[in-house]
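Please open the structure in your viewer and keep the selection tool at hand. We will go from one stop to the next, with a short note on what to find at each.

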Amino acid sequence: MNITIRGMKDAPPGPELDRFKEAVVLLQQLGLAKHHITKQAALALLVFAGVAPTEGGWAEARVRFLRIEEAMAEMRDVFPSIPKGKRDPREYAPNTRESVRKKGIKPLLSVGVLREQDPSLPTNDQNSRYGLTEPILPVLKSFGKPQTFESTLAHFRNIAPQLVDELEAQRLTHRVCLEIEGKKVTLSPGEHSRLIGEVVSSFAPRFVPGAKVLYMGDTGRKWDADTDEKLSGLGVSLNPHGKMPDVLLHDVERDWLVIVEAVTSEGPMSEERVDELRVLFDGARPGIVYVTAIPDRLTLRKFAPRLAWDTEVWVAEEPEHLIHFNGDRFLGPRD
């Protein structure tokens, strides 16, 4: 078998390595691009199929849904002799979860081998579970049986593009759809994206009408190419990989920079978070307004003790109201 996975030459011989090599051959047969055939992808195929180094084999492959952390634990415990790499011997530590998702799980999603159990969850949700698709099972079960393997493989490769499209369509039905300055924008599924969508579509028109959306911290969106240019024009220079707020709005008429944190991500505008943002946006020309977006009153009760003074609180279930923490302009009778 032609195995060219980097770092595997030092793997000790034995059933673990034999099974691992079989997984690599399957990835090649399934048509994965060369750069997607990685140690993580081969181990992910073994783990999600429930294939052990010795007993059972591919004939025992089955559908089982696992969180990424659960899959990583099996990679470590069931296949301990497969090298983890010299650069990072802690490859299966919790802080490498995203690396395993990108190098192990994402390639299998792209060819219809894996699917998400709940496509309504956001991409990086720790509760997301993945499992084999039903059409891949006959291929795995027939591996090593020339009479049936070629036909099941040919059938799977024929239906795989349609299968991938169907799975993506299921996920798209859960995405949050917005229209910003005449352009349609979609955010990844999940409670956090829904609240960000409410901030842009409901909070902004009411309290900062005409404001420009400079940034939205959705997990499925990239840092826009012109975001740096927009912010630099306001005297702001940011690192997109830093701890960004969830939404940035520029009220052009009043020259306000409205910074919004959705409690569904990192929490509210606490004293500590406001201090961080003051440093992050030091040098900004516009006046800065700090806003916490909260989905409902029940959640407000949970976060109220942590809210900083001189910040605003917006509750999405009652969008026409705004709570101001402090300020003498609210003291006394009003028209």
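Start by selecting helix H3 (residues 68-78) together with helix H4 (residues 97-110): in this predicted model, the two pack at an angle of about 80°, and their axes are 10 Å apart. H3 is therefore roughly perpendicular to H4. To see what joins them, show side chains for Ile68, Glu69, Met72 and Met75 on H3, then for Arg97, Val100, Arg101 and Ile105 on H4; these residues make the contact. Colour them by character and you will find five nonpolar, three charged and no polar residues.

Next, turn to the strands. Select strand S3 (residues 129-132) with strand S1 (residues 66-67): they pair in the antiparallel sense over two bridges. Here Arg67 stands opposite Arg129 of S3. Now add strand S2 (residues 114-116), which pairs with S3 in the antiparallel sense as well, over three bridges. On this side, look for Glu116, which stands opposite Tyr130 in S3.

Now for the interior. Which residues touch the most other members of the largest nonpolar core? Select Leu45, Phe48, Trp58, Val113, Leu132 and Leu140, which do so within a core of 47 residues. To see where the core draws its members from, highlight helix H1 (15-29), helix H2 (39-49), H3, H4, S3, helix H5 (137-141) and helix H6 (146-172), each of which gives two or more residues. H2 gives the most, with nine residues.

Stay with the core and centre the view on Leu45. Leaving aside neighbours within four places in sequence, its contacts are Ala23, Leu26, Leu27, Trp58, Leu108, Val113 and Leu140. There is also a second, separate core of 22 residues; to find it, select Val199, Met216, Leu249 and Ala262, which are among its members.

For the last stop, go to Gly233, in the loop between helix H8 (227-232) and strand S7 (247-251). Turn on the surface here: Gly233 is partly exposed, because its relative accessible area of 49% lies between the 20% limit for buried and the 50% limit for exposed. Finally, draw a C-alpha to C-alpha distance from Gly233 to Ala284: the two are 51 residues apart in sequence and 9.2 Å apart in space.

Note on methods
Residues numbered from 1 in each chain as written. Predicted model: local features only at pLDDT ≥ 70, side-chain atom pairs only at ≥ 80, totals over all residues. Heavy atoms only, no water. Axes fitted to C-alpha atoms, helices over the stretch in contact; angles between N-to-C directions. Helix = DSSP H or I, 4+ residues; strand = E, 2+ residues; numbered from the N terminus. Parallel < 35°, antiparallel > 145°, perpendicular 65-115°, else oblique. Contact = heavy atoms within 4.5 Å. Nonpolar A, V, L, I, M, F, W, Y, C, P; charged D, E, K, R; others polar. Pairing = 2+ DSSP bridges. Buried < 20%, exposed > 50% of the residue type's maximum accessible area, 1.4 Å probe, protein only. Core = buried A, V, L, I, M, F, W, Y, C linked by side-chain atoms within 4.5 Å.
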